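The following exercises are to be worked with the sequence and the coordinates at hand. Each task is followed by a stepwise solution.

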Amino acid sequence: MSDQQRPELKRLFMETYGCQMNVYDSERMRDVLTPLGYAITEKPDDADLVILNTCHIREKATEKVYSEIGRLRAHKERRASEGKGMTIAIAGCVAQAEGEEIIARAPAVDLVVGPQAYHKLPELIARAARKTGERLAADFTAQEKFDALPARAPDGVTAFLSIQEGCDKFCTFCVVPYTRGAEYSRPLADVVAEARGLADRGVREITLLGQNVNAYHGESRGGVASFAELLNVLAQIDGVERLRYTTSHPIEMTDELIALHGAEPKLMPYLHLPVQSGSDRILKAMNRKHDGAFYRDIVARLRAARPDIALSTDFIVGFPGEKAREFEETMQLVRDVNFVSAFSFKYSARPGTPAAAMMGQVSEEEKSERLARLQALLAEQQRAFNGSQVERVLPVLVTGDGRKAGQKHGRTPYLQAVHFEDTKAQNGDIVPVRILAASQNSLTGARLEMAPEAA
Ligand code: 5AD
Ligand code: SF4
C-alpha cells in the first residue's frame, strides 16, 4: 500500500463488560476497524472512537455503562473545544435492549449498535461522524454477521471461536433470549475452516463459545451435526491440541457428549456447567428444565467417563420466593458436587423477564448474607482443589512470559493459571511442570526436565 492510500491513524478505545461472548465480539470489532486505520489506545482521553461493549445480564453492569458515558462526555467536550471529534458508540446487549433509552438519556452517545450488526460498524461510524444522527436496531441475521466478519488475527496460542449464538431456553430470570435472540448455529464447514485458520496461525487451544454452546446443531452436508460430532471433527485438526467449550446447559449434555469426555484426549477435563440453584422448587420457577437429581446424575456420569474432570458453575441467590431452607439446598448441592470454581450472583430483576414480576422478592440484606456464605464455601473448595495439585506434574500450555525474568506462564488442563521457572519453552509448547505451590487463583511450579533419551 502506498502512503497516499494508507488510512490516517485513528485511536480506538474499547471497554468490554460481561461475558466471554463480549470479549470475543470486541476482538471481532477491532478486526473490522483495523483496516480503516484504527489502532487501540489504552486511554479514552485521546480516542477518536470509543466503543463500550456492554452487558445487560445483571443490573450493576448497566449502571456502570451510564457512569462511564458520563466520564466520556467530559473528554468529548474537551476534545470538541480543541477542534477534535470523538465518536461514542454503545455496543452489546444494553445497546440491543435499551437503544432508544440510551439515546434519550445520554446525548453524548452517537451510535447504538446491537450484537448482530458489528460487520456494519465501518459504515455506521462513518455516518455517525457525519452527524446524521443515525443509529441502528439490530435487524440483521446471525448468519449474515458471521459471513461478513473478516478472517481472524489471533494474538496468542489460545483463542475463542464462536459457534452458536442466542438462546431459546427462556430461563425466567434471563434477558439473553430477548437481547441475543433465537438460537443460531453456524454451519459445520464454516466452524472447521475458522478452526483450521486459527491452528495455521499458531493457536493450540480453542474454546468454543455460545450462550448454549452444547445445544449446537449446525448444518452439515444437507443434514445437521450435533455438538459432539463437531468436537470430533475439530479434534482431528493438526495443531489444535486442546478443546474447551462454554457455556453449557445441563439438559444438552447428551450421552454422546459425556462419552466423548472419556474418549477424546484433546477435550480438556474442565467443564463450566451452570446449575443456578440446588432447590427443585426454585429450579422449576426459574424454568431451568432440570432438577437437582438430574444435575447430580450428569456429574456422576461425567466423572465415570473422565474421573479427573473439574467442574465449574453459576449460581443465583435470592431468586424471588427463595426460602432460607431452599438456599440451604443450594449449599448442600455445592457440598455434594465439589466445584473447582464458580460464579455466583445476587438475583437482579431484569425488566421484561417473567421473574421480575414474581411475588416474594428477597431483600438485599438477605441476598448479601446468602451470597457471602455461598462464596465462602466455593472459595474453600477452589483452594482445596488448587492445593491438591501441589507435587503433581501437569502438562502446561505455555501462553507467555511470566512476571519475573526466567518465568513463563501457562494453563493447566483444568484451566488454572500457572507461573513457572523455565527459560527455554516457547509459546504454544506443552511442557511438564511440577506444581510447587497453590493459592486460590493460581499455581506456581517449575519445568520438569525430560530425562534424556537413551542413546
Ligand atoms: N440476576 C442474577 N444473575 C443472573 N444471571 C443471569 N441473569 C441473572 C439475573 N437476572 C447469571 C446466571 C447466568 C450468568 C451468566 O449470569 O447465573 O448463568
Ligand atoms: Fe439465559 Fe437460561 Fe438461555 Fe442461559 S439457558 S442464556 S440462563 S435463558
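**Exercise 1.** How do the residues of the shell around ligand 2 divide into nonpolar, polar and charged?

*Solution.* The model is predicted, with local features requiring pLDDT of at least 70 and side-chain atom pairs counted only at pLDDT 80 or more, while totals for chains, interfaces and linings use all residues. Residues are numbered from 1 along each chain as its sequence is written, chains are lettered from A and ligands numbered from 1 in the order in which they are written, and side-chain values use heavy atoms, without hydrogens and water.

Step 1: list the shell, taking a residue as near if one of its heavy atoms lies within 4 Å of the molecule. Around ligand 2 this gives Cys167, Lys169, Phe170, Cys171, Phe173, Cys174, Val176, Pro177, Asn212, His249 and Arg288.

Step 2: assign classes. Ala, Val, Leu, Ile, Met, Phe, Trp, Tyr, Cys and Pro count as nonpolar, Asp, Glu, Lys and Arg as charged, and the others, Gly among them, as polar.

Step 3: the shell of ligand 2 comprises seven nonpolar, two polar and two charged residues.

**Exercise 2.** Identify the surroundings of ligand 1 and its polar partners.

*Solution.* Step 1: the residues surrounding ligand 1 are Ile57, Arg58, Phe173, Gln276, Asp314, Ile316, Phe345, Lys346, Tyr347, Ser348 and Arg350.

Step 2: examine N and O distances. A nitrogen atom of ligand 1 lies 3.0 Å from a backbone N or O atom of phenylalanine 173. An oxygen atom of ligand 1 is 2.7 Å from a side-chain N or O atom of glutamine 276, and an oxygen atom of ligand 1 is 2.6 Å from a side-chain N or O atom of aspartate 314.

Step 3: inspect the backbone of glutamine 276. Its phi is near 75°, a positive value in a residue other than glycine. Glutamine 276 belongs to the loop between strand S13 (270-272) and helix H10 (280-285), where helices (H or I, at least four residues) and strands (E, at least two) are DSSP runs numbered from the N terminus.

**Exercise 3.** Characterise the interface of domain 1 and domain 2.

*Solution.* Step 1: fix the bounds, which come from an automatic or database domain assignment. They are domain 1 (10-141), domain 2 (151-268), domain 3 (281-388) and domain 4 (393-447).

Step 2: count the contact, meaning heavy atoms within 4.5 Å. Domain 1 contributes 17 residues and domain 2 contributes 20 residues.

Step 3: evaluate the buried area, the accessible area (1.4 Å probe) that two parts lose on being put together, summed over both. Domain 1 and domain 2 bury about 1500 Å² between them, 54% of it on carbon and sulfur atoms. Of the area that domain 1 buries against domain 2, Gln20, Met21 and Tyr24 supply 39%, more than any other three residues.

Step 4: search for salt bridges (a side-chain nitrogen of Lys or Arg within 4 Å of a carboxyl oxygen of Asp or Glu). Two occur between domain 1 and domain 2. The side chains of aspartate 25 and arginine 180 form a salt bridge at 3.1 Å, N to O.

**Exercise 4.** Why does the salt bridge of arginine 11 and aspartate 46 tie together parts that are 35 residues apart in sequence?

*Solution.* Step 1: the whole structure contains 31 salt bridges. In the pair of arginine 11 and aspartate 46, the closest N and O atoms are 3.7 Å apart.

Step 2: arginine 11 lies in strand S1 (residues 10-16) and aspartate 46 in the loop between strand S2 (38-40) and strand S3 (49-54), so the pair links parts 35 residues apart in sequence.

Technical notes
Polar contact = N/O pair within 3.5 Å; in protein donor to acceptor, adjacent residues only side chain to side chain.
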